[in-house]
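Me: Let's go through this model by question and answer. Keep it brisk.

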Amino acid sequence: MCGIAGFAGWPMAPEAAERELGRMCGAIRHRGPDDEGRLATDGVALGMRRLSIIDVSGGHQPIANEDGTSHIVFNGELYNHHPLRAELQARGHVFRTRTDTESILHCIEEFGPDGVHRLRGMFGFAVWDGVRRQLVLARDRLGIKPLYLWETPGGGLAFASELRSFLALDRFTPELDEDALAAYLAFGYVPDPACIFRGVRKLPPGHLAVWRAGAPLEVRQYWDPRTITPAPMDEQEAVTELRRLLDDAVASHLEAEVPLGAFLSGGLDSSTVVALMARHVPGRVRTFSIGFDEADFNEADDARRVAEALGTEHHDLVVRPDADALIDHLVAGFDEPFADSSAIPTFLVSRLARERVTVALSGDGGDELFGGYSRYALMQRRRPLPPWLRPVATGLGRALPHAAPGRGLLLDLGRGREGRYAQTVLLPVHGYEGGVAAPALAERIRPMDTALGDWFAPVAEREFIEQLGLVDLATYLPGDILTKVDRMSMAVSLEARVPLLDHPLVEFAMALPGSTRIRDGQGKALFRKAITGIVPPAVLTKRKQGFGVPLEHWFRGPLRHRIEAMGDRSAPHWRATDPAAFRRIAGEHASGRRDHSHLLWRLLVLDLWLRHLDAGRLREPLDGRAW
């Protein structure tokens with residue numbers, strides 16, 4: 001696991017290029033504390049910070065091919081590099097290291113940019129092909145690893161794993177993109193390919209980019225889960241195949257020359273990963289979990305019972321409101337504003353794991369693939385009102401005061417099914433929907449009923465329950481879940497791997513009909529059958545809790561001072577917030593009339609993130625161990 005950065009098409013002397021590259025790499029040294037490598041050649045600069053996992057002693061990057069005409073910097077892990085290496089050696093390529101990185105380099109050298117189809121793993125990489133005179137950049141299929149692109153004046157291009165590499169450069173002027181800011185207020189993150197700064201974009205999951213001097217940047221999609229069509233299969237055959245794919249995915253993610261463990265919540269996904277690890281790892285698997293004093297949010301006891309049943313070496317930690325001391329540092333750990341409050345326990349469990357291991361496997365991805373979110377079952381039960389009746393419900397809802405009982409329900413009933421789903425994953429932005437954005441900013445984003453329309457449209461022919469998984473696979477998974485895991489694990493120089501997002505497993509899951517996801521109101525119907533006998537029986541009947549944080553209680557107690565401080569009109573969040581709307585939701589929450597904790601957290605994060613930006617702290621590398 002590493003961080004990469006670089007640029008092409010910037011006319012400057014090699015010494016100046018080295019200095020610029022040094023600033024970019026220095027800003028992300030938390031992603032790779034073990035080594036730094038830089039190369040400036042032919043008007044192209046490649047840099048990286050390395051967290052050594054495979055070929056610890058010999059994997060220094062950038063890595064060159066046999067004759068020095070191509071070079072690579074790579075962030076991630078390649079899980080099929082052994083067979084790929086054998087194939088490339090048979091084609092005449094000579095390897096000088098044992099790293100997975102070198103297999104990618106020779107693959108792109110042999111097959112060009114389309115060689116990315118042969119890669120199995122998580123990655124963000126840049127290959128300078130000196131023969132073809134092109135820079136090839138790619139991001140893995142699911143967006144597990146990040147990659148930002150900045151097209152610079154004069155036809156140049158810069159890339160980086162984190163925005164702080166651009167912020168470290170004097171030539172980069174961070175100007176907020178108001179469309180992205182409005183999207184943040186709705187989503188709680190900035191969805192791909194948008195970026196909080198003008199002129200920068202994320203390379204979306206499953207995409208590659210090719211830069212050539214004097215030509216427009218070519219960006220194209222090489223993998224699209226929406227093109228995977230349902231494949232009829234006997235249920236028992238599907239169970240057998242799913243078990244095989246799960247075992248293969250976990251086994252493939254275990255290669256490392258450093259200590260390895262796993263996050264364990266006691267739920268279906270993490271318990272499955274740990275149980276399968278125990279089949280392949282000699283000795284006891286090291287597992288790590290987080291708990292809360294509040295019973296509704298505490299999964300530590302469940303995780304402990306699963307750990308005992310599986311015989312792991314288990315470590316856990318209880319999170320209390322003294323997490324307040326972490327919040328400022330945690331917000332700075334994200335290069336864009338990011339409002340999933342479960343980043344707190346994610347950081348803490350990552351820090352706990354890093355005390356004993358360098359690699360940790362996670363169970364993320366299973367809910368999107370197999371229908372595990374409770375909102376999926378909720379949407380299956382809901383039936384939208386007839387189209388002619390929806391405007392009536394909307395009109396009645398808007399006519400009621402914001403705090404009136406039933407107002408939210410009426411607004412929800414006035415939406416079609418796509419809008420009703422959006423209401424389960426987004427927060428309102430427009431004032432008439434209960435949002436708090438400044439009116440000019442709210443105009444930049446669609447209202448709730450059409451907010452996800454661009455993601456639903458390409459999958460409209462699928463069963464609705466299948467559509468939900470595909471929409472989340474394109475939005476919530478890379479924008480929220482994977483961003484959270486990447487930034488919080490990298491803050492403490494821990495590599496997090498997600499075997500349930502092994503792309504052969506994903507492709508199998510996306511081909512399953514919707515009936516395998518939810519059955520009798522319970523999610524993950526087929527998945528539960530497949531893991532029966534693999535996980536302890538109690539896991540199969542455990543109530544789904546998620547990785548939430550008791551914000552409602554914290555904001556009325558030990559974190560109340562945070563909301564009170566935001567009432568000061570000098571607070572940065574007022575750039576995006578309507579004053580009257582903010583005062584209303586803060587007052588309703590403090591009095592106990594309504595729970596606005598998620599919206600208040602979103603605004604608090606924005607406020608703190610803007611403070612960090614204004615003070616220049618986002619230019620600095622993280623020191624997660626000091627938090």
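**A buried histidine and beyond**

Reply: The side chain of His 589 comes to 3.5 Å from the backbone oxygen of Glu 552. This is a predicted model.

Me: Is His 589 buried or exposed, and at what relative accessible area?
Reply: His 589 sits in helix α25, residues 579–591. Leaving out residues up to four places away in sequence, His 589 touches Glu 552, Phe 555, Arg 556, Arg 594, Asp 595, His 596, Ser 597 and Leu 600. Buried means under 20% relative accessible area. His 589 therefore counts as buried, with a relative accessible area of 2%.

Me: Which residue of β9 is the bridge partner of Gly 6?
Reply: Strand β1 covers residues 2–8, and 7 of its 7 residues are buried. β1 pairs with β9 (residues 156–160) in the antiparallel sense, over 4 bridges. In β9, the partner of Gly 6 is Phe 159.

Me: And which residue in β3 stands opposite Ala 8?
Reply: Cys 2, Ile 4, Gly 6 and Ala 8 point one way from β1, while Gly 3, Ala 5 and Phe 7 point the other way. β1 and β3 (residues 44–50) run antiparallel, joined by 7 bridges. Opposite Ala 8 in β3 stands Val 44.

Me: Which elements are included in what covers the buried residues of α20?
Reply: Helix α20 spans residues 503–510 and is mostly covered, with 6 of its 8 residues buried. Those buried are His 503, Leu 505, Val 506, Phe 508, Ala 509 and Met 510. Their cover includes α6 (235–252), α11 (366–370) and α18.

Me: Which elements give two or more residues to the lining of the second largest pocket?
Reply: The second largest pocket has a volume of about 760 Å³. It has 34 lining residues, and the closest to its centre are Pro 191, Asp 192, Pro 193, Trp 455 and Ala 474. The elements giving two or more residues are α5 (178–187), α17 (453–456) and α18 (464–474).

Me: How do the lining residues of that second largest pocket divide?
Reply: Nonpolar, polar and charged residues are all present in this lining. The division is 22 nonpolar, 3 polar and 9 charged.

Me: Which helix gives the most to the lining of the largest cavity?
Reply: The whole structure holds 8 cavities of 30 Å³ or more. About 150 Å³ of space lies in the largest cavity. Among its 17 lining residues, Tyr 148, Lys 202, Glu 336, Thr 483 and Arg 487 lie nearest the centre. With 4 residues, the top contributor is helix α19.

Me: What is the peptide bond from Asp 192 to Pro 193, cis or trans?
Reply: Most peptide bonds are trans. Pro 193 lies in the loop between α5 and β10 (200–202). Omega from Asp 192 to Pro 193 is near 0 degrees, which makes the bond cis.

Me: Where is Pro 62, which follows a cis bond from Gln 61?
Reply: The bond from Gln 61 to Pro 62 has omega near 0 degrees. Pro 62 is in the loop between β3 and β4 (63–64).

Me: Is Ser 493 buried or exposed?
Reply: Phi of Ser 493 is positive, near 60 degrees. Ser 493 belongs to the loop between α19 and β17 (495–497). The cut-off for buried is under 20%. At 7% relative accessibility, Ser 493 is therefore buried.

Key:
Residues are numbered from 1 along each chain as its sequence is written. This is a predicted model: local features need pLDDT of at least 70, side-chain atom pairs count only at pLDDT 80 or more; totals for chains, interfaces and linings use all residues. Side-chain values use heavy atoms; hydrogens and water are left out. On a 1 Å grid over the protein atoms alone, a cavity is a set of points where a 1.4 Å probe fits but cannot get out, and a pocket is an open set with protein on both sides within 12 Å along at least five of seven lines; lining residues have an atom within 4 Å of a point. Grid points are joined across faces, edges and corners, and a volume is the space filled by probe spheres set on the points. Ala, Val, Leu, Ile, Met, Phe, Trp, Tyr, Cys and Pro count as nonpolar, Asp, Glu, Lys and Arg as charged, and the others, Gly among them, as polar. Buried means under 20% relative accessible area, exposed over 50%, partly exposed in between (1.4 Å probe, protein chains only). Contact means heavy atoms within 4.5 Å. Two strands pair if DSSP finds at least two bridges between them. A polar contact is a pair of N or O atoms within 3.5 Å; within protein, one must be able to donate a hydrogen and the other to accept it, and residues adjacent in sequence count only if both atoms are side-chain atoms.
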